[in-house]
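Q: I'm new to this one and would like a close look at a single part of it. Could you walk me through that part and then show me what else is worth finding?

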Amino acid sequence: LMASLWFGKCKPDMNVYLEPFVEECRSLWSDGVQWVDPLSGNDRISKIYTTSAVCDSVARPLMQNMMQFNGYQGCGFCKNPGVTVSKGRGFVRVYPYRRESTLRNYIETVECAEQALDSQQPIFGVKGPSVLYNIPKFDIVENFVPDYMHCVLLGVVRQMMALWLDSQYHTERYYLAAHIDNLDFRLLSIKPPCNISQVPRSVTLRKYWKAPEWYAWLIFYSVPVLKGILPQKYFNHWCLLVEAVSIMLGESIFTNQLDYCSDVLVRFVVLLEKLYGVQHVSYNVHLLLHLVKSVKDWGPLWAHSAFLYESYNGCLLKMIKGTQGVPLQICKKFLIEKALPLHATEMAGTPKGELLNYFIGTNRKIKFAEEIEGGAALGRSCQRVLKREHYLALHSFVDEVDPTIIATYYDRIVIGKEIVHTKLYTKAKKRNSYTVILKDSSFFSIETFVILDRGCGRKCYALGRVFQNRNFKICSDNALNIGLSHIFPVSPELGHLVAVDSCVIQQKCVLYIYLAKLLLLFANSQTVLNCADRFLLVSICVIS
């Protein structure tokens, strides 16, 4: 739902701009929404309230009516005042770690707003009341979240890359511009699965990287690419951020894991000041200290990120076709886009309904597909007698297999929401969607898919080879014993060909070969990145 749209050269007065939205929220809470229960046929009324607000660090203080991050006490989550230090040719406000920083709360913030209104001066960073105070059950502090897309990916991660590669830091020990060719060689050799929207791009093009690319760099690419190039103490420091964020992006997170993440992030912030200088302890770095509480309150980082909203901003931009009346263009096309599916449903079974379905893309069908347990096989099939090695693999997995049986071979299948390829699939040369993790937590390289009918229905099997685990310590930070829990080292020597039921495929992997002697498997679950669709992703790194 799009509640409002602002078009102008400057930002609006938020207390005026948000007032209609606040009134609507009050109505949804007091009057609710009436609907008919399809099971009982009874009329019901559901009351709706606002749970959280997701925005970047520029919009957040405007909505809270607080000081911005470059002002005194400009953090909207705590009372850390920050300090002003010199940087380059000017000055910048930074937020060194303070153990005694006090968290803000709703009651004190409202009191400070009243005092600020009377004195016409900010009180503890609060400039005055916000219209959001009037939303029922909405906490002006607790219900705002430090969005990890802006704070971590477009903030801290991009800042660290600038420190390593920008020429203004050429005298520092962590400067890596002399190793750009080696970095690019490692990075561009990675073949991600098709879930990741874009293949890796050169670090020289990093100013064009989007948030999904920074996500892939942080979680999957950076550790194997930087290992052995970034000096060890800086590499260990970077691994702290990788470890904490990968845990907080999981599907299920335990309390002891969050306590561990809190310690890891505090160490990251403290060490950043020692290794890089206090002038680089930016507000985004400070926000890392508030991520754990946000996860405790609202769930994993992917559950309250701005990816969904930023993605739809791109859709709104595509609605602009001319230079005149831009807001009206967006509003008209937005309403048409929302109305077409309703009209298509009302006209179902008529030529007009079919035409509307064609335009909105609901009647698209896959030409070649065969239903299998838990999914479907895609593309053209090939029918032939089983190869001997395939027969031996299947015979060791199932009770009886006729060596003369005609088998159906496929190169692609869909299991759950995962599209998985075979190693021989030639249309995705820059992708690796054939390295997967199975439900028994073993890692598997798929060579082909075979569908057999052994008299009890057609069943799909994946034929491939299993990776063998290896002991390899990636990070040597002994203070917190950082293990990078989403990384699993394995041997590049694969086992013999085996068969598994295709429905045991759980998630895909990113394969990276490090010095050709070792494979590292990275496992993580999160929301990416294409219109906030959920998927599980594992990354494999090979170290030789």
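With which side chain does the side chain of Ser442 make a polar contact?

A: Before we zoom in, keep in mind that this is a predicted model. The partner you're after is Asp440: its side chain and that of Ser442 make a polar contact at 2.6 Å. To find the spot, go to the loop between strand S13 (435-438) and strand S14 (443-453), where Ser442 sits. Is Ser442 buried or exposed? Ser442 is buried, because its relative accessible area is 19% and the cut-off for buried is under 20%. If you skip the neighbours within four places in sequence, Ser442 is also in contact with Val436, Ile437 and Val466.

Now let's step out to the nonpolar cores. As a general point, nonpolar side chains in soluble globular proteins tend to be buried together. Here, the largest nonpolar core has 103 residues, and the members that touch the most others are Trp164 and Trp217. Apart from that core lies another one, made of 18 residues, including Tyr410, Val420, Phe444 and Ile446.

Take Trp164 as a landmark. Leaving out residues up to four places away in sequence, Trp164 touches a list of residues, among them Trp217, Leu226, Trp238 and Tyr276. Tyr175 is on that list too. You'll find Tyr175 in the loop between H5 and H6. With the same sequence neighbours left out, Tyr175 touches Trp164, Leu165, Asp166, Ser167, Tyr169 and His170. For a sense of scale, the C-alpha atoms of Tyr175 and Ile320 are separated by 42 Å, and these two residues are 145 places apart along the chain.

Asp166, one of the residues Tyr175 touches, leads us to the charged pairs. Side chains of opposite charge can pair when their charged atoms come close. The structure holds 13 salt bridges, and one of them joins Asp166 to Arg206, with the closest N and O atoms 2.8 Å apart. Arg206 is in the loop between helix H6 (180-188) and helix H7 (211-226), while Asp166 is in the loop between helix H5 (148-165) and H6, so this pair ties together parts that are 40 residues apart in sequence. Arg206 is buried, at 17% relative accessible area, whereas Asp166 is partly exposed at 24%.

Another pair to look up is Lys293 and Glu142, whose closest N and O atoms are 2.5 Å apart. This salt bridge links distant parts of the chain, 151 residues apart: Lys293 is in helix H10 (residues 283-298), and Glu142 is in the loop between helix H4 (106-119) and strand S6 (144-146). Lys293 counts as partly exposed, with 31% relative accessibility, and so does Glu142, with 28%. There's a third member to add, since salt bridges that share partners join Glu142, Lys293 and Asp297 into one network.

Then there's Glu100 with Arg98, a salt bridge with 3.3 Å between the closest N and O atoms. Glu100 is exposed, at 54% relative accessibility, while Arg98 is partly exposed, at 34%.

Last stop, the surface. Val33, Trp35 and Ile48 form a nonpolar patch there, and together they have about 240 Å² of accessible area. Ile48 is in the loop between strand S2 (43-46) and strand S3 (53-55), and its relative accessible area of 39% makes it partly exposed.

Technical notes: Residues numbered from 1 in each chain as written. Predicted model: local features only at pLDDT ≥ 70, side-chain atom pairs only at ≥ 80, totals over all residues. Heavy atoms only, no water. Core = buried A, V, L, I, M, F, W, Y, C linked by side-chain atoms within 4.5 Å. Buried < 20%, exposed > 50% of the residue type's maximum accessible area, 1.4 Å probe, protein only. Contact = heavy atoms within 4.5 Å. Patch = residues over 30% accessible without salt bridge, like charges linked within 9 Å, V, L, I, M, F, W, Y side chains within 5 Å. Areas by Shrake-Rupley, 256 points an atom, 1.4 Å probe, with all protein chains shown as cover. Salt bridge = Lys/Arg side-chain N within 4 Å of Asp/Glu carboxyl O. Helix = DSSP H or I, 4+ residues; strand = E, 2+ residues; numbered from the N terminus. Polar contact = N/O pair within 3.5 Å; in protein donor to acceptor, adjacent residues only side chain to side chain.
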